[in-house]
Structure formats: C-alpha cells, structure tokens
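Q: Please walk me through one part of this model in close detail: the place where the two chains meet. Start with the charged pairs, and then follow the trail outward from there.

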Amino acid sequence: MTAVAERKLPALGGFSPQLLALELRRMVRNRRTVIFTLILPAVFFLLFGTGGDLKTQRAGEGNVTGYILVSMAVYGAMLAATSGGAMVSLERAAGWSRQLRLTPLRPMAYIATKLTLAMVVGAISVLVAMTVGAFAGAELPAHAWIECGLLAWVCSLVFGAFGLFMGYLLPSENVMQILGPALAVLSFAGGLFAPVDTFGHTFATIAKFTPVYGVGEIARYPLVHDGNLWIAALNVLAWTAVFAGGAVWRFRRDTARV
Amino acid sequence: MDGVVKRFGAVTAVDGVSLTIRPGEVVALLGPNGAGKTTTIDMLLGLSRPDGGRVSIYGRAPQEAVALGLVSAVMQTGGLLKDYTVEETVRLTAVLFGRGRAQVDAALERAGLTEIRKRLVGKCSGGQQQRLRFAMALLPDPELLILDEPTTGMDVSGRHDFWSAIRQDARGGRTVIFATHYLDEADAYADRIVFVRRGRVVADGTAAEVKALAAGRTVRATLPGATVEELLALPGAENAEVRGDQIYVHARDTDPVARHLLTRTAARDLEITSRNLEEAFLTLTAEEQS
C-alpha cells in the first residue's frame, strides 16, 4: 500500500483536462443534449431565418438572415450553457455528488468543471450554427462573423450561472424539461426570436429587463451597431449577479449539509 | 473515534461512540437498522460533522484523509452515473486521485469487472454496480476501506462474489470496517465485531468471543427465593440471572442443570432454549435498554 506520507492532493482541487474530456464524452453521448444544444438552434435558423426575402432584406452591415443567425447562435450557446450548469441537478439526484465527496475533488473545482464544460459545448453550438449559416445564405461582414460569435459565446456564461442556480434549486432528474421551455419563453420575451421594436411599447420596456435581452443586443451589436449597449451590458451584469448569487447561495447550503 | 455524538433534531443517532480501530483489522459494525451505523460511517468519512467528540483517521481530519485516499468507502447510497461506462467511471476516479491506467486495470481486475468494462453503468445489475463502487474505492489504494451494508439487495451469488473479492483484498493487510445487519456476514468475515444499538456500542470483541456468547443453552424456570450465587454453583452453570421468581441459567451443557433443578429444587415450569447469534445479539442489545 502507498505509504501515508507519500500521498498528496491533486492540483487545482481536482480540476483537470482529463476530467473535462471524460465529462465531455459523456455529455456528447447523451442524444438529447446533442439534439437540443447543437442541432435545434441550427434547425430553427433554417426554418425561420432563410425563407422568403429574408436573404435580400438588409440588417445593419449584413442581411436579415445573418441577423437571425446571430440570434440563433445566442440561443444555442444559451441552451448549452444552461444544460451544462443544470447537470448538477441530475448528478445530485443520482447521488453522484455524494460519491464525489469521497474523492479529492473540491466543490469549487466541480463547479468550474461544469461551467467549462458548458462553455465548451456552447462554443461548439455557436460554431455549428455559424457554419450552417455560412452555407445557408447569411451575410455578415468578416469582423462580425468573429465578433458576434465570440460575444454570443462569452455572454452565455450568464446562463451557465442560471443553469447552476436552477440545478441546485430544482431537485429533479429532468431539470432541462423545465428549463428548455422556460428559455424559449425568455428568448421570446427578450427579443431573440422577434426584434423588440416589433413589440408594443409596454412589452418592449419589459423586454429590456428580461435576461435574454442583454445577451442578444450585445451579440448583434457588431452587425447592426444599433441599440443601447450600456443598457444591454447592465442587463447582462445584473442577471449574472442574480444567477451567480443564487447559485452560490444554494451551493453553500448544499455543501454545509455535508 | 472518541465520544462521538450526532443528533438530528431531537433524535440522537450516535450517542457517545468511542472506537479505536487497529491497522489490519477487519471490523464488523453490527446492529439492527437505525442503530446509527450509517451515521457513524458518514462521520468517519467526513460526510457529516459530529455534534460532539472527535474523529481522526491516521491523525488527520476525516475529509483530509478521504481526499488523500487514506480512507475510501463503498456507500449504501453512493450514486453512479448511468451514462458512463464501467471503465470510464473508474478512470474518472483515477484522474481525481492522480492514478494511471495501470491502476484502473488493476482495480477493474480485482473487482471482477474486466469483462464488462465497456458496459454502460445503467445496464449493469445491482451486484455489478456494487462491485464498481468497490473498484472505485480500491483505486486510491486506501489504508482503510469502509463498506456500508455492501451486500444489500444482492442475490446469493452476487453476495458470494462480492465477499470473495473483499476477502482476497483484505489478505493484503488492508484495514476494513463494514456495517451490516447480517449476523452471518459479520461472523464469517470479521476479526472483530462491534455491536451497536441506539447509537451506542454495546459489545466489542472477536468473532470467537461472540460465538462463545452464543454457544450453549439457557434454562429458564420459576424458582422463588433463588440467588445468583446458588445458581452459579449448579453443575456446568456459566452465567445466571434472577428476575423476580424467574431464574435464567446459561451453560454449555444444560442437561445437568435442568436435572438438578427438577430433582433437587422446587423449580417448575422449566424451559430450555438455545441461543444462536441472533439471540446473543438481542440479549446484548436488550441488556443495554434496561
């Protein structure tokens, strides 16, 4: 047996590339995750973004198809980030979190792993949507392809926090069955599926306070150079604070029970 | 463990347990359901904090000992993820403990999982999942292995396979503590048996000592005015008790005791019962109650 003195703790509390690789492999094995986070946004784009004269109508520096593509990329990144964060719910329900407490994995390293995973899948989702878009007639200036994609991806971190919060809050094995429709409603309310200016005045005002609004506005900014970035940024920061705060609160309760 | 106490609201689940486990021992924590076995184990593993007393493993706090892999466990409730394969689950554990492929293969081999290593956990039987937990527990090569009701829900052959894996492993000198409410398991696999009931240790001894407790029979009879001293003087009597008019005499061979009582005393209403482990166990725990 290994002598007592020779034993040491893993670096970074157990956060490691090998762990991420294993978790990613498992996540991709789950067909539902793949369909909902990688395929669905691209399909939505093809359904709602390429018909009729959308390709010829202009939107900022590109066409409307491009505008819708960015929105769908945001939607995909958001779904991926949320489902990545929400994995904690399933793992707690299955008792896996308890099993992990018998390993050197620190709770913070566990959270970091889930968030990184969420962001990796989010990046893949954005890439898939952008690739489909490029072949399906979306027109964006070169800088906007990169900037919109990056912004959609980075801002989806707020939904990683949202997924974590919900994952700790809802002790359900199928938390995404609740969160999926919830995200769709929030996307409508936040002007991701239809521009906010097509809403009435009241709804347009309410939209600015919903969590999807800020992310969408920021991600589309390199394309349209329109809207108030400050309000959008404030929106993203405020919701990140709310969700991250909620996640930390539930997470503390969860580990205190240890 | 020293004077460990754990309360859940008004219920005291563990009430002042002090135990010292020596390296290399195989110890059974034996008790009925709700005796505080799992609570005790949770505290040993740092999964819950005692409300009083102190737990230390190789001089360290439990959580630290767990993180270092000094102690590992097969939990009654420890969950597994259905969409990992058997091998991936063990590899994940290996990654966390900083162990390599060789140790993964060794753990799979020792837990008898080599043939089903590519199988998804969700498709494994209860016994196979339990052996997977065992493989995970073996991975850090712990000094102390803790098993909480490890064979609950297994069929006979699953139970047999599981215990042969454990027994083979313990030959290498590993310290093992296992909780069980099966007396035969405690008897067959432990060097030392610790009885717990209502959160207290009510007996602690070798399996042989426990067997001695269980050996022989008890004569019960009605004999007003008898004293313990008189009864102990009976031929072959090892233990005696007087409860009101009732007398209880324990002996390896009870025939001479019964003959004596019936022919030389006014004893009547005589009854001879054998004490198996179960009864020894119940007697021990009942004494604690009164």
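A: Happily! Between chain B and chain A, the rule finds 4 salt bridges, each being a side-chain nitrogen of Lys or Arg within 4 Å of a carboxyl oxygen of Asp or Glu. E88(B) and R29(A) form a salt bridge, with 2.8 Å between the closest N and O atoms.

A word on the ground rules before we go on. This is a predicted model, in which local features need pLDDT of at least 70 and side-chain atom pairs count only at pLDDT 80 or more, while totals for chains, interfaces and linings use all residues. Residues are numbered from 1 along each chain as its sequence is written, chains are lettered from A and ligands numbered from 1 in the order in which they are written, and side-chain values use heavy atoms, with hydrogens and water left out.

Back to the interface. Between chain B and chain A, 7 residue pairs are in polar contact, both residues at pLDDT 80 or more. (A polar contact is a pair of N or O atoms within 3.5 Å; within protein, one must be able to donate a hydrogen and the other to accept it, and residues adjacent in sequence count only if both atoms are side-chain atoms.) On the side of chain B that touches chain A, at least two residues each come from α2 (62-67), α3 (86-96) and α5 (126-138). Helices here are DSSP runs of H or I with at least four residues, strands are runs of E with at least two, and both are numbered from the N terminus. α3(B) gives the largest share of that side, with 6 residues. Sorted by class, the side of chain B that touches chain A holds 20 nonpolar, 11 polar and 12 charged residues. In this scheme, Ala, Val, Leu, Ile, Met, Phe, Trp, Tyr, Cys and Pro are nonpolar, Asp, Glu, Lys and Arg are charged, and the others, Gly among them, are polar.

How big is the meeting place? The size of an interface is often given as the accessible area lost when the parts come together. About 3,400 Å² is buried between chain B and chain A, with carbon and sulfur atoms giving 60%; this is the accessible area (1.4 Å probe) that the two parts lose on being put together, summed over both. L47(B), L81(B) and L96(B) supply 21% of the area that chain B buries against chain A, more than any other three residues. The contact draws 43 residues from chain B and 34 residues from chain A, where contact means heavy atoms within 4.5 Å.

Now for a residue of chain A that reaches across. E23(A) belongs to helix α1 (residues 17-29) of chain A, and it counts as buried because its relative accessibility is 5%. Buried means under 20% relative accessible area, exposed over 50%, and partly exposed in between, using a 1.4 Å probe and protein chains only. Beyond its neighbours within four places in sequence, E23(A) contacts M87(A), E91(A), T113(A), K114(A) and L117(A), as well as Y84(B) and L92(B). L117(A) is 94 residues away from E23(A) along the chain, yet their C-alpha atoms are separated by 7.6 Å. The side chain of E23(A) also makes a polar contact, at 3.2 Å, with the side chain of R26(A).

One of those partners, K114(A), is worth a stop. K114(A) sits in helix α5 (residues 107-135) of chain A and is buried, with a relative accessible area of 0%. Its side chain makes a polar contact with the side chain of E91(A), at 3.2 Å. Not counting residues up to four places away in sequence, K114(A) touches E23(A), R26(A), G84(A), M87(A), V88(A) and E91(A).

On chain B, helix α1 (residues 37-44) is largely enclosed by the rest of the structure, because 7 of its 8 residues are buried. The buried ones are K37(B), T39(B), T40(B), I41(B), D42(B), M43(B) and L44(B). Just after α1(B), G46(B) has a positive phi of about 75 degrees.

Finally, some context for chain B as a whole: it has 11 helices and 13 strands. Of its 290 residues, 52% count as buried. Among contacts in chain B with a separation of 6 or more, 66% join residues 24 or more positions apart.
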